[in-house]
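Got the viewer open? Load the model, show it as a cartoon and keep the selection box handy.

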Amino acid sequence: MFQYHCLNPVAERGLKLFSEDYRKTENINEADAVLVRSARMHDMELGDSVKAIARAGAGVNNIPVDACAEKGIVVFNTPGANANGVKELVIAGMLLASRDIVGGIEWVAGQKDKENIDKLAEKQKKQFAGCEISGKKLGIIGLGAIGAMVANSATHLGMEVYGYDPYISIDAAWNLSRTIKHSKSLDEIYSQCDYITIHVPLFDSTRKMINKEAFDKMKDGVVLLNFARDLLVDEEALINALESGKVKKYVTDFANPLVAGREGILVTPHLGASTEESEENCAEMAVKELRNFLENGNIKNSVNFPNCDMGTCVSVGRIAICHRNIPNMISQVTKILGAEGLNIADMTNKSKGEYAYTLIDLESAASQEALEELRAVEGVSKVRVIK
Ligand SMILES: NC(=O)c1ccc[n+]([C@@H]2O[C@H](COP(=O)([O-])OP(=O)(O)OC[C@H]3O[C@@H](n4cnc5c(N)ncnc54)[C@H](O)[C@@H]3O)[C@@H](O)[C@H]2O)c1
């Protein structure tokens with residue numbers, strides 16, 4: 001029997017995926033696994049029972065990821081589970097930037113008491129007219145979960161799509177429509193595209209990557225969309241580019257005093273992942289990750305330990321070891337198991353930065369003595385018997 005604790009409300013569709021071997025507990029200190037959305041965990045003392053934390057969402061700023069790794073607690077997130085929600089808002093953003101739909105709706109609301117509103121609308125509609133997105137060139141910077149979905153949908157809407165991502169994953173590349181042009185430089189995106197949308201993570205290397213030099217290379221009247229992170233764009237330079245007419249519209253999901261209410265900028269209140277479906281997808285993915293880890297020891301989508309998969313546990317004994325990524329670890333582990341007469345049927349050892357994970361299938365169950373010896377090895381943070 002496993003116990004899980006929810007620090008925030010988590011979509012029921014996800015929680016339903018826990019089998020009858022799982023029980024919800026209100027006491028985090030007796031939980032094997034913790035589900036969290038936005039609750040801040042930095043000041044929480046976690047008991048020894050906690051083996052994993054799953055964040056239903058992508059960002060893990062609210063979780064002390066390194067401190068967890070040090071204690072052998074595996075932290076998962078749910079990358080891509082909200083990608084469709086963000087993609088739909090990006091498409092909406094392109095449409096909102098193409099005709100003055102927001103201005104038109106506000107204008108109609110302001111005329112609500114006028115009897116001849118229909119005739120007035122016919123007269124005034126010209127000022128809200130614009131262009132279609134079909135046939136326009138869209139440049140996508142970052143072709144991960146969201147960028148690739150935006151690329152494929154935009155193709156279906158008749159746009160000519162250019163994609164730039166020097167680090168694209170094999171999965172994302174396979175999923176891309178063949179009509180998408182592979183741009184080898186950002187300059188090509190800047191010089192060719194009528195719409196540019198950015199979908200890269202915020203790193204030191206990507207901070208303010210859309211800056212004055214980038215704007216200078218863009219076509220006059222370009223539309224820029226930012227549903228990734230506000231700090232990717234140098235917004236002071238953006239405002240200059242808007243005032244000069246270089247940028248026609250900036251559509252962003254990140255409100256701040258510089259952009260809110262400013263002419264030419266459409267700001268949504270971080271709505272990208274705010275859909276029922278995104279929340280459900282994140283919850284489902286989080287629960288599946290936790291179950292696979294607790295029941296089989298497998299790790300997928302952890303932010304502090306490496307991916308590791310030995311399939312469903314069918315061997316007589318399986319143990320999982322969280323440890324530091326240091327020399328001589330495997331030889332110490334195999335020596336202890338060998339000395340106890342335990343034969344290894346299969347094993348995987350993977351590392352991620354300073355931390356590593358070893359999963360071992362044994363031909364007979366590990367003894368308490370062997371487990372205690374493993375726990376005593378310097379650099380080992382957690383030893384768990386899966387079976
Ligand atoms: N608005 C929202 O509510 C919302 C929701 C989810 C995610 N996001 C943001 O969107 C970003 C993208 O999300 P995702 O799920 O697609 O992430 P992802 O990790 O699947 O994709 C990111 C892609 O960016 C690429 N990349 C990294 N550095 C690059 C560079 N310098 N130039 C070009 N490409 C580069 C990577 O190779 C990867 O393919 C996230 O980092 C997050 O900040 C926003």
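This tour goes from the whole chain to a handful of stops inside it.

**The whole chain**

Bear in mind as you click around that this is a predicted model. With everything in view, the C-alpha atoms fill a box of roughly 90 × 45 × 35 Å along the principal axes. Colour by secondary structure and you get 13 helices and 16 strands. Of the 387 residues in the protein chain, 50% count as buried. Switch on the surface: the accessible area comes to about 19,300 Å², and 50% of that belongs to carbon and sulfur atoms. As for contacts in the chain with a separation of 6 or more, 62% are between residues 24 or more positions apart.

**Stop one: the aromatic cluster**

Select Phe76, Phe293, Phe305, Tyr355 and Tyr357, and show their side chains: these five form one aromatic cluster. Across the structure there are eight aromatic pairs. Zoom in on Phe305 and Tyr355, whose ring centres are 6.0 Å apart; their planes meet at 55°, so this pair counts as tilted. Now look at where the two partners come from. Phe305 is in the loop between α11 (276-296) and β13 (317-324), while Tyr355 belongs to strand β15 (residues 355-362), so the pair ties together parts that lie 50 residues apart in sequence.

Are these two rings buried or exposed? Phe305 is buried, at a relative accessible area of 0%, and Tyr355 is buried too, at 8%.

Before leaving, add Arg384 to the selection. Its charged end sits over the ring of Phe293, 4.4 Å from the ring centre. For another charge over a ring, jump to Lys181, which lies over the face of Tyr162 at 5.5 Å from the centre.

**Stop two: helix α10**

Next, select residues 235-243, which make up helix α10. Start at the N-terminal end, where Asp234 acts as the cap: one of its side-chain oxygens lies 3.2 Å from the backbone nitrogen of Glu236. At the other end, just after α10, check the backbone of Gly245, which takes a positive phi of about 90°.

Which residues of α10 are buried? They are Glu235, Ala237, Leu238, Ile239, Ala241 and Leu242. Remember that an α-helix has 3.6 residues a turn, so residues three or four places apart point the same way. Show the surroundings as well: the buried residues of α10 pack against α9 (212-217), β10 (222-226), β11 (247-252) and β12 (265-267).

From here, hop across to Ala214, in helix α9. Ala214 is buried, with a relative accessible area of 4%. Draw a distance from Ala214 to Ala237 and you'll get 9.6 Å between C-alpha atoms, for residues 23 apart in sequence. Neighbours within four places in sequence aside, Ala214 is in contact with Tyr190 and Met209.

**Stop three: Leu35**

Select Leu35, in strand β3 (residues 33-36). Its relative accessible area is 0%, so Leu35 is buried. What does Leu35 touch, leaving aside neighbours within four places in sequence? The list includes Tyr4, His5, Cys6, Leu7 and Asn8, and also Ala286, Val287 and Leu290. Try the distance to Asn8: the C-alpha atoms of Leu35 and Asn8 are 7.4 Å apart, with their positions 27 residues apart in sequence.

**Stop four: the cysteines**

Select all the cysteines and go looking for disulfides: the count comes to zero. Take Cys68 as an example, where the closest cysteine sulfur is that of Cys322, 11 Å away and so too far for a bond. Cys68 is buried, at 3% relative accessibility. Cys313 tells a similar story: the closest cysteine sulfur, in Cys308, is 12 Å off, too far for a bond. Cys313 counts as buried as well, with a relative accessible area of 12%.

Finish at Cys131, in the loop between α5 (117-124) and β6 (137-141). Cys131 is partly exposed, at 25% relative accessibility. Show what surrounds this cysteine: beyond four places in sequence, Cys131 is in contact with Ser98, Arg99, Lys136, Tyr195 and Lys248. For a last distance, pick Lys212, which is 81 residues from Cys131 in sequence and 26 Å away in space, C-alpha to C-alpha.

Notes. Residues are numbered from 1 along each chain as its sequence is written. This is a predicted model: local features need pLDDT of at least 70, side-chain atom pairs count only at pLDDT 80 or more; totals for chains, interfaces and linings use all residues. Side-chain values use heavy atoms; hydrogens and water are left out. Rings of Phe, Tyr and Trp (its six-membered ring) pair if their centres lie within 6.5 Å; planes under 30 degrees apart count as stacked, over 60 as edge-to-face and the rest as tilted. Helices (H or I, at least four residues) and strands (E, at least two) are DSSP runs, numbered from the N terminus. Buried means under 20% relative accessible area, exposed over 50%, partly exposed in between (1.4 Å probe, protein chains only). A charge sits over a ring if NZ of Lys or CZ of Arg is within 6 Å of the ring centre and within 35 degrees of the ring normal. Contact means heavy atoms within 4.5 Å. A polar contact is a pair of N or O atoms within 3.5 Å; within protein, one must be able to donate a hydrogen and the other to accept it, and residues adjacent in sequence count only if both atoms are side-chain atoms. Accessible areas come from the Shrake-Rupley method with a 1.4 Å probe; for residues, only the protein chains shown count as cover. A disulfide is a pair of cysteine sulfur atoms within 2.5 Å.
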